[in-house]
Amino acid sequence: MVKMSVSASAENLSSDNQSSGDGGNMCLELALEGERLCKAGDCRAGVAFFQAAIQAGTDDLRTLSAIYSQLGNAYFYLGDYVKAMQYHKHDLTLARTMGDKLGEAKSSGNLGNTLKVMGKFDEAMICCKRHLEISQELKDKLSEGRALYNLGNVYHAKGKHIGRVGQQDPGEFPEDVRSCLQQAVKYYEENLELMRELNERAAQGRACGNLGNTYYLLGNFQQAIHYHEERLKIAREFGDKAAERRANSNLGNSHIFLGEFEAAAEHYKRTLVLAQELGDRAVEAQSCYSLGNTYTLLRDYPVAVEYHLRHLIIAQQLVDRVGEGRACWSLGNAHSAMGNHEKALYFASKHLEISKELGDPMGQATAQMNVSDLRKVLGLPVSDLSPDSLELVSPGLQRYRVRRQSMEQLDLFELTPDGKQRANTLPSDMEAVVGAQNMTNAKSSATEDAKADEESFFDLLSRFQSKRMDDQRCSLTVAESKENTNCVPNSNYVLPRNSSGAMQDDLLDLIAGMQSKRMDEQRVALPHLPGLLPPAQMGGDGSTTPDDTFLEMLMRCQGSRLEDQRSSLPGDADSDTNPRPPTRGPTVPDEDFFSLIMRLQSGRMEDQRATVPAQPPAGENRTNKSAGRKDKKK
């Protein structure tokens, strides 16, 4: 993620402010100290000095713009994206006020990056496209390259965000996700071409890395490997071990999905060495986890156990319970494949314990099944709990089983309009047969009771639905006044001939009042720029009004935000009342190809299950059973 530097640092403005008053000098001195602290890495102290500079105030717009930009970057670094957005907006307003096109481009880019990490992708696209348009107008190639890179980042992040909703593997995402990723590829490739023209090797490396990641998500693993190898080459040129470590890890992931497990293992080993050199324990654990999975796919189980144990130890040291659960699950499978059923049972039990602690129903079900199978193999009594038991599922998931058993007895077709019409149009001979059967049926009363239950249930349902419809109706309650204090009692009320016009006017006044209130709520207040002292020396034409094209794009974007504000149904899995269990911890990599391991091992798991031997019934053909086993092995 790239944050751009400010358009003008406070240091560059010191020579221009010699003629300002004491307040301006104090503001500038505080800003210079804040900038020095931020460059030294102490952003919190730097923010304090920048805020003090704003309190001192200045009438110089360029100085204030530099402070806003620096504050936005500092808050972004500290993770306070709301304040970062606020100050980047202030910077954008000042740039427009001064008519500073380059400053407007850079502040738009900063604002776009901030909106991206806040998940406001559509608004981020508007800002980044504005950055690109201004850069192209000014023919600033370097700024244009940054804008292209930022746009690729926004589309890339949006595609990954939408793709996280499901559990698809790379290359299996829906069309809307693929469309975002393809747009990201387009902007990244344009950025790469421009950086090659400018001979910017470091920027080329970043573009290649992102292109490799995007092609990986699109399922084009050969292209992903091509760009990651280029990224690795550039990282080695600069001696950037962190980038080299990322490139090796990404290359390992791409080789895994091509089935090239040996090549993947070599890249993961290099990743492990680099993580140890960098002193990053979490990444070291991720590398061990990836190596354990890779050797599991290679069916070299002793080596897989070694790496999974190393992952487990680091996960315990970092208090990563999700990582511990994954390690125990992997160790249980590896020991089971080697025939070490006692150790497999121990790790499966630990996996079950951790899954219960984390509230992970899928982990619980998998662990319970493994524990049951292993206890059968060892001849131990099997627990009464089954994977389908409600006691195994967390209370938050029990809401899915709300249908009563009696509901399964309803004949829904008979209660539909087509079903009722069919029943009313039965031929007379059929009615006679049905009548005879009903007379001879000893359980006719039970049938009638069931029918009555059905009718009463749907009658109750219709009344409940009609009440909900009434609750959603909008009632026109006219404001109390001297001219209108009576309400209409019912729908049969007839307005007097001489009062219909007055009622119509009242209705129109009511609607106008409601609409005007809504318009007032949507009005945008003039921006307050903290630290600006009057009189301000306005630059350019002094206008702060943005152009119509920008406003139209912003209005279209704001329209889509209405959907984001709709309330979700009760019990939604993403709601705060029922949070999802954590899916990964610091020692589990983002791309852990967990589903691939599950699929590849599912066949082996079935082969490893032990069936309790039973005596065949008398006369059973034992030869046929043996032949069946041989056919199955084939």
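The following exchange concerns a predicted model.

Biologist: What is the mean pLDDT of the chain?

Modeller: Of the residues in this predicted chain, 60% reach a pLDDT of 70 or more. The mean over the chain is 75.

Biologist: For which residues does pLDDT stay under 50?

Modeller: Where pLDDT is low, the predicted coordinates should not be read in detail. One such stretch has three contacts beyond four places in sequence in the model, and it covers residues 425–444. Another has two contacts of that kind, and it covers residues 614–634.

Biologist: Which helix gives the largest share of the largest nonpolar core?

Modeller: The largest nonpolar core has 50 residues, and those with the most contacts inside it are Leu-211, Tyr-215, Ile-256 and Leu-291. Nine residues of this core, the largest share, come from residues 175–197, which form helix H8.

Biologist: Which residues does Tyr-215 touch, not counting those up to four places away in sequence?

Modeller: Tyr-215 is among the residues with the most contacts inside the largest core. Leaving out residues up to four places away in sequence, Tyr-215 touches Val-185, Glu-189, Asn-220, Gln-223, Ala-224 and Tyr-227.

Biologist: How many residues are in the second, separate core?

Modeller: This core includes Leu-30, Ala-31, Val-47 and Ala-74. Its residues number 22.

Biologist: Why does Cys-43 have no bond to the sulfur of Cys-38?

Modeller: Cys-43 is buried, at a relative accessible area of 8%. A disulfide needs the two sulfur atoms within 2.5 Å. The closest cysteine sulfur to that of Cys-43 is in Cys-38, and it is too far for a bond because the distance is 4.5 Å.

Biologist: How many disulfides does a search of the whole structure find?

Modeller: A disulfide is a covalent bond between the sulfur atoms of two cysteines. Searching the whole structure gives a count of zero.

Biologist: What share of residues 65–98 is helix?

Modeller: UniProt lists these residues as "repeat: TPR", in an unreviewed entry. In the model the end C-alpha atoms of the stretch are 10 Å apart. Strand makes up 0% of the stretch, and helix 94%.

Biologist: How far does helix H6 reach from its first C-alpha to its last?

Modeller: H6 spans residues 121–138 and has 18 residues. Its buried residues include Phe-121, Cys-127, Cys-128 and Leu-132, along with Glu-123, Arg-130 and His-131. At 1.5 Å a residue the expected reach is 26 Å, and the helix comes close to that, at 26 Å.

Biologist: Which residue follows H6?

Modeller: The phi of this residue is positive, near 55°. The residue is Lys-139.

Note on methods: Residues numbered from 1 in each chain as written. Predicted model: local features only at pLDDT ≥ 70, side-chain atom pairs only at ≥ 80, totals over all residues. Heavy atoms only, no water. Core = buried A, V, L, I, M, F, W, Y, C linked by side-chain atoms within 4.5 Å. Buried < 20%, exposed > 50% of the residue type's maximum accessible area, 1.4 Å probe, protein only. Helix = DSSP H or I, 4+ residues; strand = E, 2+ residues; numbered from the N terminus. Contact = heavy atoms within 4.5 Å. UniProt positions renumbered as here; feature names shortened; annotations may be inferred. pLDDT = per-residue confidence, 0-100. Expected span 1.5 Å × (residues − 1).
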